[in-house]
Amino acid sequence: MRLEEWVYTLPLRLRTLLHRKRLSAELEEELRRHIDDQIADNISRGMGRDEARLSALRAFGNPLLLREETRATWSWNGVEQWARDLRIGVRTLRRSPGFAVTAILIMAMGIGANVALFTVIRSVLLQPLPYRDPGRLASLFEHQTHPVDAGYSNYLPVAGGNFGEWKKATRDVAQMALVSTWHQYNLSAEGGKLPEKVDAAWCSGNFFSVLGIAPTLGRVFTEDDDRRGAAAAVVISGGLWRRRYDSDPGIVGKTIWLDARPFTVIGVLPGWFVYEGKYGGGTDQLWTTASHEAPPGFMASFEERGFVAVARLLPGVTLSRLVSQVSALQKQIKRDHPEPSVSDGAQGRAMLDDAVQDYKTPLYVLLAATGCVLLIACLNVAGLLVARAAARSKEIAIRAALGGGRRRLLRERVTEGLLVSAAGGGLGLLLAWAGLQWLMSARQDMNRVASIHMDGIVALFAVTATGLCALVSGAFSVLGSNGKQILAPLQESSRSHSGGRARAGLRKTLLVLEVSLTVVLLVGAGLLVRSYQRLRSADIGVPIDNVLTMHISLPEARYRKPEDRVAFFEQLIARVRALPGVEAAGLVSTAPGEGWGGDRMMSVVEHPSQPKGGGFDILARGADPAYFTAVQVPLLSGRSFTSDERLDRAHVAILSHSAAQEMFPGEDPIGKHLHDGSDGGVFQVIGVVADTRWYVTEPSHPTLYVPIYGNDYSVATIVVRSSHDVESLATPIEKLVGKMDPDLPVSDVLTIRQAIAKTTVDSQFDSIVVLAFAVIALVLASAGLYGVLAYVVAQRTGEIGIRMALGAQRDQVLGLVLADGLRPALIGLLSGLAASAATTRFLKAMLYDTQPLDLQVFAGVTALLMASAALACLVPAWRASRLDPMQALRTE
Amino acid sequence: MSKPSDLVQGTLDLLILKILALQPLHGWALSQRLKQISGEVLQVSDGSLYPALHKLEQQGWIRAEWKPSENNRRAKFYSLTRLGKRHLEQEAANWDRISTAISGVLRLTEV
């Protein structure tokens with residue numbers, strides 16, 4: 001239509017939209033007037049009154065139909081019809097609130113779960129990082145062809161020396177910066193504030209400029225800050241600035257004390273800024289420069305892997321080109337420095353992938369699970385709609401007979417599905433929102449969790465999901481309406497006893513699908529739960545009940561001399577032991593389950609035949625003499641440290657069982673000597689203790705213990721054992737530390753059980769969520785099974801009555817109905833098991849000590865499913881077998 | 001069925017527009033004029049006038065107005081709009097062209 005016409009007809013269109021009632025009345029009047037005029041005309045021609053009327057009506061045609069045809073020419077007619085369908089839909093749903101509520105709740109659960117997961121995946125995995133041109137940012141790592149650090153993946157941190165070479169050689173293809181995210185500082189008490197331990201990162205001078213971050217206040221680092229002799233400078237996070245310094249705009253230029261050393265605050269970062277990668281960083285609040293902070297020689301070392309390299313690719317350069325260039329270079333470095341702990345390759349990936357790699361599989365697995373649940377929900381609602389259509393088949397047939405258009409009737413059905421889905425979608429959005437709030441508080445350990453939010457795209461996803469649900473559920477129910485024989489229900493005599501079979505058949509097909517999906521979900525959940533159980537019951541080598549750990553770190557600036565540190569530790573542990581309620585206490589640099597903690601390259605002095613540079617990469621721990629008895633690590637041979645093996649007499653070592661076996665196969669290690677590859681120290685082995693694990697999901701690694709009183713230790717974990725309620729000891733110990741040094745914060749106050757729970761939170765989360773989905777699916781499938789069978793029994797009441805009248809026994813009837821119901825369950829189970837066997841390998845990365853084809857899980861799921869199916873079928877089957885044949889035959 | 005075929009429907013529209021171009025009329029009067037002019041050629045029921053009238057109104061070619069009729073009762077009078085007038089001219093020209101062409105073809109004598 002041309003614009004002019006459109007403008008011309010606009011007033012009329014508006015009138016047609018807004019005054020439809022009046023227009024209808026006017027049309028009515030217009031038609032009546034015509035007939036009246038015709039009657040009057042006929043009378044004036046000499047007809048009798050009745051004849052005039054009949055003749056006028058004959059000439060006019062069917063007024064009802066004409067009225068409808070006229071109305072159909074009005075604009076907005078489609079909208080009007082649709083509104084009418086909606087009204088009918090709402091009315092029919094209101095007439096059966098039980099159905100409506102069930103269907104809407106099912107849909108809401110399905111849609112809600114999907115929207116929530118989609119939001120997470122979009123925010124965490126897909127959304128670009130909030131840096132300048134983030135697509136060009138990459139993270140680079142070292143790579144060992146034969147990993148000596150079996151515990152770590154092949155994305156190893158980068159040593160400063162290697163990075164220097166990389167940076168020099170790639171000047172024309174990328175800008176490179178360094179960051180080391182896993183540091184901490186004691187932020188001293190100032191202005192009445194408590195001392196606290198703050199996570200921090202070391203970075204190169206160009207780190208922020210490579211990412212493209214502008215500070216809110218002050219400036220970020222320059223190359224000039226990144227020198228050994230430079231003035232101590234620190235950049236603080238927006239969060240710390242708000243929290244600790246009350247957003248003080250004058251903070252720039254002020255001095256704060258980190259580890260008892262003065263630093264000048266040169267800048268404040270934007271509140272949203274966070275750098276997260278494989279090695280964490282999300283909690284970092286302070287940034288200092290690497291060359292300024294690292295110990296001498298660290299930045300030039302080819303072995304001490306202390307950093308992650310970040311690179312901004314110059315235009316036209318691909319990531320793979322940069323990685324292959326760096327990797328070739330690292331191979332060259334390895335040829336020049338053949339020491340075993342120098343890496344022989346490099347790896348790289350986009351910075352976004354680096355941040356979220358660990359969450360990818362779990363999140364996509366969860367999305368698959370929610371997808372299954374949604375599909376099951378749709379199938380279930382479709383089943384309900386089919387059942388309703390079947391129950392209303394006579395009504396529909398009558399409407400069809402009275403002239404209701406087939407399309408119109410089908411449209412009503414789809415509208416009904418749409419209504420259920422829309423209500424479910426709205427409720428689902430609320431559920432999703434609530435779920436996300438829960439997730440964000442439950443999974444604060446997850447990278448980028450703070451960036452989760454719902455936006456337009458999520459809303460679009462919700463609408464699309466809702467539409468798809470409406471389509472799927474509606475389409476199935478339309479399929480079930482058995483097209484051509486719309487009048488068949490009317491022809492069905494009241495004595496037909498096989499009616500409705502086709503429809504039950506369709507519902508059974510839906511059920512097979514539902515059951516298969518449920519089985520897949522159950523198997524997945526079973527595997528994850530089993531893995532989580534194994535994880536939680538994993539023996540880290542020490543009893544985990546009633547053991548409290550807390551971390552202290554002595555700032556070197558104040559405890560410069562080793563004697564000061566040792567004296568502090570000795571005094572502290574003596575006072576802790578004297579506290580009432582403390583059964584035993586010890587000091588260790590890193591407690592079992594707390595992480596890698598640090599390693600050393602050790603070789604055996606008595607085995608001179610070893611190649612140059614050869615040795616064993618073993619974990620190193622500092623411990624006090626009573627540590628082993630305090631955490632109950634059994635001493636296998638030899639003795640523990642004595643109290644005078646301290647400071648310059650501290651060159652004695654205790655090996656873990658696996659270390660002793662690896663380094664001294666078939667020998668007694670006691671009395672032998674170990675040589676430290678990096679500082680040349682020699683230690684005499686005095687004892688062997690049992691193995692402990694450094695991380696709960698990792699096998700134990702050979703470990704070396706040396707006295708913590710000496711050997712340069714300035715950090716310690718206090719391990720306290722009590723017979724009951726060990727957590728109540730935390731406050732007295734913190735007070736005690738505060739009394740000894742008010743500037744010293746105590747951090748990571750956790751029982752070992754809590755610490756393990758913290759490191760297994762992702763496994764717990766994944767298994768619980770998938771289990772919840774699986775249970776929902778099982779309930780839905782059982783309900784579906786029950787519904788179909790109850791329907792079939794109702795349909796076959798007459799038939800069953802005849803069978804019984806002819807002599808069928810009750811248990812025969814029971815068996816008959818039961819078999820009818822269990823068949824789809826069995827087929828579904830088999831196809832579900834097959835599908836599971838094909839798909840569970842995708843879970844492999846998430847499983848701990850559990851095979852993807854765990855027989856017990858598969859058997860358990862089979863048993864559970866068959867039991868639920870039998871239970872769901874038993875009720876209608878039992879009811880069928882209790883039918884009174886006479887009653888049944890009379891029922892119509 | 002009372003619904004006229006497409007060809008007749010199109011013709012009906014044209015006839016209505018032409019009649020209304022001469023003077024505004026209400027429905028019944030229009031139907032009388034239609035019968036009077038076309039004789040028994042247009043085999044349509046009286047009522048089928050109304051869907052056509054309403055369609056033309058929605059298209060903006062005619063407008064309707066409630067006015068007292070000759071016997072002093074309220075009736076809905078239809079009249080041609082400016083847009084309708086232009087449309088009528090176009091359609092009439094079209095019709096002329098086509099009917100001339102068709103009659104030309106039909107007048108061909110076999111040789």
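In chain B of this predicted model, helix α3 (residues 49–58) lies across β2 and β3, running at about 55 degrees to β3(B). Such angles, from 0 to 180 degrees, are taken between N-to-C directions of axes fitted to C-alpha atoms, for helices over the stretch in contact; helices (H or I, at least four residues) and strands (E, at least two) are DSSP runs numbered from the N terminus.

The strands beneath this description belong to an open sheet of three, with the order β1-β3-β2 (chain B) and antiparallel pairing. Two strands count as paired if DSSP finds at least two bridges between them. Because β1 (25–26) and β2 (62–68) of chain B are at the edges with a single partner strand each, one side of each has no neighbour in the sheet. Two antiparallel bridges join β1(B) to β3 (residues 74–80) of chain B, and B:H26 stands opposite B:F77 in β3(B). The other chain also meets this sheet: α2(A) packs on it, touching β1, β2 and β3 of chain B, and its direction makes about 100 degrees with that of β3(B).

Turning to the interface as a whole, 30 residues of chain A are in contact with 31 residues of chain B, contact meaning heavy atoms within 4.5 Å. The area buried between the chains is about 2,800 Å², with carbon and sulfur atoms giving 51%; this is the accessible area (1.4 Å probe) that the two parts lose on being put together, summed over both. A:Y8, A:E30 and A:H34 supply 23% of what chain A buries against chain B, more than any other three residues.

The rule finds two salt bridges across the interface, a salt bridge being a side-chain nitrogen of Lys or Arg within 4 Å of a carboxyl oxygen of Asp or Glu. A:E29 and B:R74 meet in a salt bridge at 3.1 Å, N to O. On the side of chain A that touches chain B, the largest share, eleven residues, comes from α2(A).

Residues are numbered from 1 along each chain as its sequence is written, and chains are lettered from A and ligands numbered from 1 in the order written. Local features need pLDDT of at least 70 and side-chain atom pairs pLDDT 80 or more, whereas totals for chains, interfaces and linings use all residues, and side-chain values use heavy atoms, without hydrogens and water.
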